[in-house]
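User: Could you take a close look at the ligand site for me? I'd also like to hear about the other hollow spaces and any unusual backbone spots.

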Amino acid sequence: MSQVKIPTFKLNNGKELPALGYGTWLGLDEKFQLYYDDIPKMEEALSYAIDIGYRHVDTAHLYKVEPQVGQVVNKKIQDGVVKREDLFITTKVWQNFHREADVEVSVRGSLRRSNLEYFDLVLMHWPMSVSVDEVDEKIDYLETWRGFEKVLEKGLVKSIGVSNFNLEQMKRLLDNCKVTPVCNQVEINLNLGQKELVDFCQSNNVVVVAYSPFGTMVPSRAPPGSPEPKLNNPTMVAIGKKHGKTVTQIALRYLYQRGIVSIPKTITKSRVLENASIFDFELDANDVASLAAFDNGYRTVRPVFWQDYQNYPFDKVDMKMEIPLGLRNSQLISD
Ligand code: NDP
């Protein structure tokens, strides 16, 4: 079986985070429900990922797959493929657990569902706080962060971080925390370079993790009219050809060379291997300049249905949409 060797980035608490991880958000179907049918494929792909050398898994309470992630991971440990300490498992606290004391409730729930003794990293999924009935609770994320500091102190998790924090929110958090977040997980891809945010995080020793690393390049994330590059983009194809790599590998390698961790999602085994086979070549200055030119600020993930909630981190657009079923708090599994 082919093997991949994935390098790590050092976190501000001394721990090592693999530069590429396995993403487990399965996405929403046409009825805005999670693609439940893909769960068995995800389990197989994740199992294969660990077999070939992935050590970093990104999940969340919202994704409704913590039990399956835990089962796969525990099986790999039982079978002697990996030791727990060689894995880096991340989960996230959802928006209805933002009261200081509720963070521990959420983390304990995630541990129970996944049958793990600790998480390597737990993230505040979004800076907004929303009740089970989707009411804006307006809880300050600094209060929530104190709950994160507590679960760290109690040893339920090894590291704490945030997700979807914008520049101002990051600055305010860093100015008002006891424990600095180890990372900020945000959307970054060729369309959305987020240079200012990345520079701020990196200069403050906060690792940046890129979600949706392919942006609109992949059909599942490309609504009509979304910008280039797509998989057949001539510039991308040419850079790929030059290095004997696929267009998606070029996109992931570019993130790595920017010092950014990526967590691509795939339930396709061949792509599991493909996505991690990016550590044996180097993009040159010309490639980097061509790739940087795609940055146009386009957001693939734009949850307009939350844009009137306090602390929504992105610019607002003139659009109304109901919260999709698969993202409703009432649908979260709690057992
Ligand atoms: P990705 O950019 O990872 O895109 C996933 C899509 O790309 C799937 O349709 C997958 O298809 C396809 N794909 C994967 N690899 C390849 C390849 N080599 N060639 C062609 N197509 C490919 O988007 P996501 O939004 O899923 O982001 C990745 C992860 O980031 C999530 O799974 C989740 O863990 C995290 N995330 C976090 C968020 C947050 O708010 N913190 C928000 C969104 C995501 P297939 O599976 O069929 O192979």
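Analyst: Happy to help; here is a walk through the ligand site, then the other spaces and the backbone.

This is a predicted model, in which local features need pLDDT of at least 70, side-chain atom pairs count only at pLDDT 80 or more, and totals for chains, interfaces and linings use all residues. Residues are numbered from 1 along each chain as its sequence is written, and side-chain values use heavy atoms, with hydrogens and water left out.

Let's start with the ligand. There are 28 residues around it, and Ser220, Arg221, Thr266, Thr268 and Arg271 come nearest (a residue is near if one of its heavy atoms lies within 4 Å of the molecule). By class, this shell has 10 nonpolar, 12 polar and six charged residues; here Ala, Val, Leu, Ile, Met, Phe, Trp, Tyr, Cys and Pro count as nonpolar, Asp, Glu, Lys and Arg as charged, and the others, Gly among them, as polar. Helix α9 (residues 269-276) gives the largest share of the shell, three residues. Helices (H or I, at least four residues) and strands (E, at least two) are DSSP runs, numbered from the N terminus.

Several atoms pair up with ligand oxygens. For Ser220, a polar side-chain atom lies 2.7 Å from an oxygen atom of the ligand, and for Lys265 a polar side-chain atom is 2.8 Å from a ligand oxygen atom. Thr24 instead uses a backbone N or O atom, 3.3 Å from an oxygen atom of the ligand. On its own the ligand has 910 Å² of accessible area, of which the protein covers 91% (Shrake-Rupley method, 1.4 Å probe).

Now the other spaces. The second largest pocket has a volume of about 280 Å³. It is lined by 19 residues, with Pro18, Arg55, Glu85, Asp86 and Leu87 closest to its centre, and its lining has eight nonpolar, three polar and eight charged residues. On a 1 Å grid over the protein atoms alone, a pocket is an open set of points with protein on both sides within 12 Å along at least five of seven lines, a cavity is a set where a 1.4 Å probe fits but cannot get out, and lining residues have an atom within 4 Å of a point. Volumes are the space filled by probe spheres set on the points, which are joined across faces, edges and corners.

The whole structure has one cavity of 30 Å³ or more, and the largest cavity holds about 50 Å³. Its lining includes Asn189, Phe214, Met217 and Pro229, and divides into six nonpolar, four polar and no charged residues.

Pro229 also matters for the backbone tour: a cis peptide bond joins Glu228 and Pro229, with omega about 5°. Pro229 sits in the loop between β9 (207-211) and α7 (234-243). Phe32, in the loop between β3 (22-23) and α1 (39-52), has a positive phi of about 60° although it is not a glycine. Most residues other than glycine have a negative phi, and most peptide bonds are trans.

Technical notes: Polar contact = N/O pair within 3.5 Å; in protein donor to acceptor, adjacent residues only side chain to side chain.
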